[in-house]
Amino acid sequence: MAQWERLRQLSASYTQRLHELYDRDGLPMDVRHYLSAWIEKQEWPRAARDYDLAMVLFQVLLENLDIQHSRFVQEESFLQQHNIRRYKQNFQRYQDEPCALASIILWFLEKEKEILASADLAEQVQFLHVEPEAMETSCQQDLERKIAGLRNDVQCLEHAIICLEEQQDEFDFKYQTHKMEAAVDEALKREQVKVLQLLVNRLNECRKSTLTDLNKLLDRAEDLINLLVKKELSEWQRRQQKACIGAPDNDCLDQLEKWFTCVAVCLFQVWEFLNKLEELVGKVSYDNDPIKGMKPKLQLRADNLLKDLLKSSFVVEAQPSMPQGKGPLVLRTNVQFSVKTRLLVKFPELNHSMKVDVSMDREAPNIKGYRRFNVLGSKTKALNMAESQSGGMVADFRHLTLKEQKSGGAGKGTSDISLSVMEELHIVYFNTQFELKGFSVELQASSLPVVIISNSSQQQSAWASVLWFNMLSQDPKDVVFFANTPAAPWPQFGEMLSWQFLSATKRGLNDDQRQVIALKLFGKQKNYDLCKVTWSKFCKENTPDTFWVWFDGILVMVKTYLEDLWREGLIMGFVSKGKEKSLLKKMKRGTFLLRFSESVIGGITFSWVEITSTGEPDVKTVQPFTKVDLSQIPFHEIIRNFQILEAENVPENPLLYLYPNTPKDKAFGKFYSEKTGDDSPYIKYIKTKLVFVSKENTLEARSPLPCDMSQGEGLEPMNGLSGEAADEDPHPLQELETFHPDPMLSSSTEPQDEDLLMYLNNPNNFPNFDFLQHEHSLPDLGLPGFQLLPPQPCGSIYQ
C-alpha cells in the first residue's frame with residue numbers, strides 16, 4: 001500500500017500528528033495529497049545532492065501542478081483552482097535552489113515514515129500484550145523522537161545559516177556598492193546609510209537568533225548523550241556482563257550504533273556550522289558582534305560533547321575468551337584467545353584508518369604478589385567493516401596470548417591484601433586515535449576483568465570467580481573485588497545457577513528445582529529470598545567438594561551425556577530424597593523419576609515404586625551412574641534395558657511410567673537405538689556392570705568398582721538383609737568402606753533403612769566371568785571389583 005494511503009488509515013492520535021506535521025510551511029498537504037503517487041516514486045535523497053536531477057524534478061512538479069489546476073477548472077472547483085495557483089507561485093522561489101526544495105520534500109517523507117513506524121510498533125505491542133517490552137519500547141520511542149528532533153533542529157539550523165549567509169551577502173554587496181558609488185547628494189547618501197543600517201540590524205538579529213538556536217541544539221544534544229551513555233550504554237554493559245555468565249539477555253549493539261552515529265553526525269554538522277560562522281565573521285563584522293562573544297563558548301561546549309560521545313562509543317563487543325574454555329573471561333597463559341572491539345560511531349570514510357593497540361594492566365593494584373602479564377601476538381589491528389556481520393566498525397583480535405612477566409610483586413608499599421590466583425583480576429585495554437574533519441581525540445576501551453590461569457585444572461575455580469564477579473559487581477574495573485567479597489542474595493544466586501543450565505542446554509532450572517538447591521544450602525526456611533550465599537560457601541571452603549564443585553559436576557554431566565533428556569524435561573534432577581520418596585509413594589507401581597546424586601559428584605540415579613506383598617508402596621533406588629558409566633552406555637538405553645529378577649526368576653523391567661504417569665517408551669522412545677535385546681550395541685557393556693538397588697532413598701549405594709571407590713561413598717554392612725543372599729553370605733560387603741554423610745547436606749536427615757544388593761547380570765549365567773577375557777572388542781572397564789563379591793542368587797537383572 002502506498003505510504004500516503006497508509007497514513008490516511010491511521011487512528012486519530014496518529015492522524016493528529018500528521019496534521020501537525022503539515023501545519024508547517026514547505027509542503028502543503030493539498031500538494032502532498034493530489035501528487036502523492038508521483039512524489040513517492042521520485043529519488044528525493046539523490047535530488048537533495050544532485051542539482052541537475054533536482055531541477056528536473058522541480059520542473060515536473062510545476063507541470064503536475066498545471067495539470068491538476070486544469071482538472072479543477074474542468075470540475076469548476078473555484079477554491080481548489082485558487083489554492084493550486086498559489087502553491088505554484090510559492091514553489092517558484094526555489095527556481096535557483098531546486099536542491100533545497102528536494103531536501104524539504106525528503107524531510108516530510110521521512111517524518112511520515114516515523115509516524116507509520118510508531119503506529120506499527122504500538123500495534124505490535126498491543127498484540128503481544130507484554131507490558132515490560134511495551135515499557136522498553138516506549139523508552140526507545142521516546143529516544144527515537146528525541147533523535148528525530150535533533151535531526152530536525154540541525155536541518156532548521158542549516159537553513160538558518162544559509163539565510164544568514166544570504167543576508168550577509170546582501171549587506172556586503174550594498175555596502176561595497178555604496179563605498180564605490182560615493183554619492184554626492186547628501187539626502188541620497190543618508191538614505192543609503194539608513195538602508196545599510198537596517199540591513200546590519202537585521203543581520204545582527206539573525207546572528208543572535210542563529211546562536212540562540214545553536215545553543216538550544218547543544219542542550220538537546222547534551223540531553224541525548226546523557227541518555228545514551230548513562231542509561232542505554234550502561235544498561236547494555238550490564239546485559240553483556242550477565243550474558244557472559246549465561247543470561248539470555250540481548251547484548252546486540254546495532255541499535256546503539258544507529259543512535260550513537262546519528263548524534264555524532266549531528267554534532268559534526270554543528271562543528272561545521274561553527275566553522276561557517278567563523279568564516280562569516282571573517283568577511284563581515286562590527287562592534288558588539290554576537291558571534292565573536294558567543295562562538296568560543298559554543299565551540300568549547302560542542303567539542304566537549306563530541307569528545308564525550310566518541311570516548312563512550314569505543315567498546316569491547318566480544319569479551320576475551322579461549323576457544324575451549326568453560327566461558328569467556330578465563331584466559332590461560334600461552335593459549336590463544338580472541339576479543340573484539342567496536343566503534344559505535346560508524347563513519348565509512350574511517351574504514352581501515354583507525355589502528356587499535358592492545359595492552360594489559362597499566363597500573364597494578366596495591367595487592368601483594370599481584371602478577372603482571374605481556375600480550376603477545378598481533379597486538380595492532382585496524383577498525384574495519386569487513387569483519388562484522390552487521391557492517392560495524394570492528395577490530396577482531398583472534399590470535400593473542402599472555403605471558404607472565406618474570407619480575408614478581410607490586411613494588412614498594414604493597415598492602416597486606418593477598419589473593420589466590422583464582423581471585424586475581426586483570427583488565428585488557430584497547431587504544432585508538434579518532435581523527436575526522438580536523439577533529440581528533442584518543443579513545444580507550446577496556447574488557448571486563450579476566451582471571452588468568454596456567455593449567456586447565458584451574459578452569460573450574462576460575463569460572464566460579466567470573467560468575468561471582470559478574471553476578472554482583474556493578475563496577476567493571478573493580479580488580480580488587482575479591483579483597484572484600486560480598487555475599488549473593490538467594491534470588492540473584494538462584495537465577496545465576498539457572499543461567500548455567502540455560503546456556504549449556506537451552507533449558508534452565510524451574511522454581512521447584514531452585515527450591516531444592518536452596519534447601520541444600522540453607523536448610524528448611526519459610527522464605528529463602530532473605531538468605532545469602534557467601535563466597536566461601538560457594539567455592540572456597542576447605543572441603544574436597546564445595547557447592548560449586550558439586551553443581552558444576554552435574555552441569556558437565558548433563559551437557560556431555562544427558563542434554564537431550566534434560567531439554568525435554570525428562571529429568572527432575574534437583575529433588576531431595578525425602579521429596580522423592582513422598583512423590584513416588586503416592587504413585588502406582590512402576591512409576592520412576594530421575595534425580596541427581598547429592599553425594600556423588602556428577603552422578604545421576606533413578607528410583608521407582610514397588611508394591612510389597614502387604615500392599616504397601618516400597619521405593620527402591622539404583623546406585624548413581626557417573627561419567628564412567630554414561631560414556632559407555634547412553635542413559636536412555638540403561639533405562640530401556642534395566643531389569644531385575646522376581647521370585648520366579650522372570651526378568652522384568654520395573655521402570656514403567658516416568659513421573660507422574662508418562663509411559664516410559666513414550667517419554668524416551670525417540671532416543672532409543674533401532675536394535676533391541678541381544679542385538680543392542682550396548683548389551684555387552686550392560687552385562688558387565690553392577691548395580692546396587694536400595695530400599696531407602698536417603699542412601700545412595702556405592703559400586704565396589706575401583707573407579708567408583710574414589711568418590712568417597714560406600715555401602716553400609718547389610719547385616720539385616722533377608723532372603724537367600726543373607727543366608728548364603730551374611731557379610732558380602734565387608735571389604736567396602738562405609739558411607740559418610742555429605743557435608744553439604746543440611747543437618748536434618750531421614751532415618752536410614754537397610755540396603756538391598758542386586759546385580760545387573762545373573763551370576764548363575766556367568767559363573768566364571770571368562771567372557772571378559774575373550775571380548776577383545778570391549779573397552780577396559782576396570783572390573784577387578786567382581787572379585788570382591790561372591791555370586792548372589794537374588795540380584796540377577798539381565799540374562
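**Sheet, cores and local backbone features of the predicted model**

Helix H13 (residues 459-472) lies across strands S2, S8 and S11 and runs at about 170° to S11, where contact means heavy atoms within 4.5 Å and where axes are lines fitted to C-alpha atoms, for helices over the stretch in contact, with angles running from 0 to 180 degrees between N-to-C directions. Helices (H or I, at least four residues) and strands (E, at least two) are DSSP runs numbered from the N terminus. The model is a predicted one, in which local features need pLDDT of at least 70 and side-chain atom pairs count only at pLDDT 80 or more, whereas totals for chains, interfaces and linings use all residues. Residues are numbered from 1 along each chain as its sequence is written, and side-chain values use heavy atoms, with hydrogens and water left out.

The three strands crossed by H13 form an open sheet in the order S2-S11-S8, with mixed pairing, two strands being taken as paired if DSSP finds at least two bridges between them. S2 and S8 stand at the edges with a single partner strand each, so that one side of each is left without a neighbour in the sheet. Strand S2 (residues 330-332) pairs with S11 in the parallel sense over three bridges, and leucine 331 stands opposite isoleucine 452 in S11. Strand S8 (residues 425-426), in contrast, is joined to S11 by two bridges and runs antiparallel to S11, with histidine 426 opposite valine 450. Within S11 (residues 450-453), Val450 and Ile452 point one way and Val451 and Ile453 the other way, and all are buried, that is, under 20% relative accessible area, as against over 50% for exposed and in between for partly exposed (1.4 Å probe, protein chains only).

In soluble globular proteins, nonpolar side chains tend to be buried together. The largest nonpolar core (a set of buried Ala, Val, Leu, Ile, Met, Phe, Trp, Tyr and Cys residues joined through side-chain atoms within 4.5 Å) holds 165 residues, of which Phe434, Trp468, Phe493, Phe538, Phe606 and Phe635 touch the most other members. When neighbours within four places in sequence are left aside, the contacts of tryptophan 468 include Phe481, Phe482, Pro486, Phe493, Val533, Trp535 and Phe538. Another core, of 38 residues, lies apart from the largest one and has Ile39, Ala47, Leu62 and Ile115 among its members.

In helix H2 (residues 12-21), Tyr14, Leu18 and Leu21 are buried. Viewed down the axis of H2, these buried residues fall within an arc of 60° and so line one face of the helix, the arc being that of the directions from the helix axis to the C-beta atoms. A buried residue of another kind is aspartate 552, with a relative accessible area of 3%, which is placed in helix H17 (residues 547-567) and which, leaving aside neighbours within four places in sequence, is in contact with Lys326 and Gln460.

Several loops carry notable backbone geometry. Tyrosine 659 and proline 660 are joined by a cis peptide bond with omega of about 5°, and proline 660 is in the loop between strand S19 (657-658) and strand S20 (662-663). Histidine 352, in the loop between strand S3 (337-343) and strand S4 (355-359), has a positive phi near 70° although this residue is not a glycine, and counts as partly exposed at 45% relative accessibility. Lysine 437, likewise not a glycine, has a positive phi of about 55°; lysine 437 is found in the loop between strand S9 (429-436) and strand S10 (439-446) and is partly exposed, at 48% relative accessibility.
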